[in-house]
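Q: I am new to this structure. Please pick a single part of it, look at that part closely, and describe how it connects to the rest.

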Amino acid sequence: IDRLHKAGAVFDQPKLDSFQRHYVKQLSVEELATKLGAFLDEQDLEKPADPQFSRLITILHDRLGRFDEFPALTVWAKNVVEYSTEQLMFRKSNREATAKGLGTAIAAFEAAAENSWGSIDSLSTQLAAVVADQLLTNGDVFWPVRMALTGLDQSPSPAECLWVLGRAESLRRLNIA
């Protein structure tokens with residue numbers, strides 16, 4: 001008791017968030033899916049369809065700090081966020097390079113075998129091949145693909161977004177762009 005002080009205790013939210021993030025990262029993807037699914041059910045929040053839900057958890061495992069952040073981090077998976085045509089262009093790019101990059105990416109993904117959609121690495125390799133083959137920059141390809149898929153400036157990588165959304169939905173969003 002001699003070590004107690006008269007001053008009130010201080011609540012440190014950033015430190016609490018840091019502890020929470022640490023313990024969420026320690027969970028396996030399966031454990032996180034179970035706990036997060038129960039949280040979303042308890043909060044009466046809609047969760048994505050099962051295959052998409054597990055893929056979202058896989059790519060967001062290291063980014064997720066609190067369970068209540070999940071709906072905001074995954075809004076792009078349910079519906080594409082509205083964006084303007086100008087947002088499709090990377091800040092160091094131009095309209096022609098963006099159109100060429102997006103068109104070539106669409107053609108590459110349409111021609112890709114169905115099994116290439118099964119891994120993030122193969123999708124990332126395809127995007128990199130578009131950049132190399134067309135002598136474009138990463139910003140000419142990766143940025144417009146990300147924007148077409150999510151409508152957000154900050155999101156998981158384009159390959160991760162393609163993997164989560166799957167072939168049909170990804171191609172639909174890319175063709176709309």
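A: Arg-172 and Glu-169 form a salt bridge, with their closest N and O atoms 2.8 Å apart. The model is a predicted one, and the distances and areas given here are computed from it. Both residues belong to helix α9, where they stand three residues apart, so about one helical turn separates them. Arg-172 is partly exposed, with a relative accessibility of 42%. Glu-169 is also partly exposed, at 23%. Helix α9 covers residues 158–176, and the rest of this answer follows that helix and what it meets.

A second salt bridge leads away from the helix. Glu-160 pairs with Arg-63, and the closest N and O atoms of this pair are 3.2 Å apart. Glu-160 is in helix α9, while Arg-63 is in the loop between α3 (50–60) and α4 (70–73), so the bridge ties together parts that lie 97 residues apart in sequence. Glu-160 counts as buried because its relative accessibility is 15%, under the 20% limit for that class. Arg-63, at 36%, is partly exposed. As a general point, side chains of opposite charge can pair when their charged atoms come close.

These two pairs are among the seven salt bridges in the structure. Another of them, away from the helix, joins Asp-68 to Arg-66, with 3.0 Å between the closest N and O atoms. Asp-68 is partly exposed at 45%, as is Arg-66 at 29%. Asp-68 and Arg-66 also take part in a network of salt bridges that links them with Asp-17 and Glu-69.

Back in the helix, the next topic is nonpolar packing. The largest nonpolar core has 43 residues. Those with the most contacts inside this core are Leu-36, Phe-70, Trp-76, Phe-109, Leu-162 and Leu-174. Several elements give two or more residues to the core: α2 (29–42), α3, α5 (75–78), α6 (95–111), α7 (120–133), α8 (138–150) and α9. The largest share, eight residues, comes from α9. In soluble globular proteins, nonpolar side chains tend to be buried together.

Leu-174 gives a view of the contacts in this core. Leaving aside residues up to four places away in sequence, Leu-174 touches Leu-102, Ile-106, Phe-109, Val-145, Ala-148, Leu-149 and Leu-162.

Ser-170 also sits in helix α9. Its relative accessible area is 0%, so Ser-170 is buried. With residues up to four places away in sequence again left out, Ser-170 touches Trp-117, Leu-149, Cys-161, Leu-162 and Leu-165. Leu-149 and Leu-162 are thus found among the contacts of Ser-170 and among those of Leu-174.

The helix also borders the largest pocket, which holds about 160 Å³ of space. Helix α9 supplies the largest share of the pocket lining, three residues. Among the lining residues are Arg-172, Arg-173 and Ile-176, along with Ala-148, Leu-88, Tyr-83 and Glu-82. By class, the lining has seven nonpolar, two polar and three charged residues.

Two residues named earlier return at this pocket. Arg-172, the partner of Glu-169 in a salt bridge, is part of the lining. Ala-148, which Leu-174 touches, is part of the lining as well.

Key: Residues are numbered from 1 along each chain as its sequence is written. This is a predicted model: local features need pLDDT of at least 70, side-chain atom pairs count only at pLDDT 80 or more; totals for chains, interfaces and linings use all residues. Side-chain values use heavy atoms; hydrogens and water are left out. On a 1 Å grid over the protein atoms alone, a cavity is a set of points where a 1.4 Å probe fits but cannot get out, and a pocket is an open set with protein on both sides within 12 Å along at least five of seven lines; lining residues have an atom within 4 Å of a point. Grid points are joined across faces, edges and corners, and a volume is the space filled by probe spheres set on the points. Helices (H or I, at least four residues) and strands (E, at least two) are DSSP runs, numbered from the N terminus. Ala, Val, Leu, Ile, Met, Phe, Trp, Tyr, Cys and Pro count as nonpolar, Asp, Glu, Lys and Arg as charged, and the others, Gly among them, as polar. A salt bridge is a side-chain nitrogen of Lys or Arg within 4 Å of a carboxyl oxygen of Asp or Glu. Buried means under 20% relative accessible area, exposed over 50%, partly exposed in between (1.4 Å probe, protein chains only). A nonpolar core is a set of buried Ala, Val, Leu, Ile, Met, Phe, Trp, Tyr and Cys residues joined through side-chain atoms within 4.5 Å. Contact means heavy atoms within 4.5 Å.
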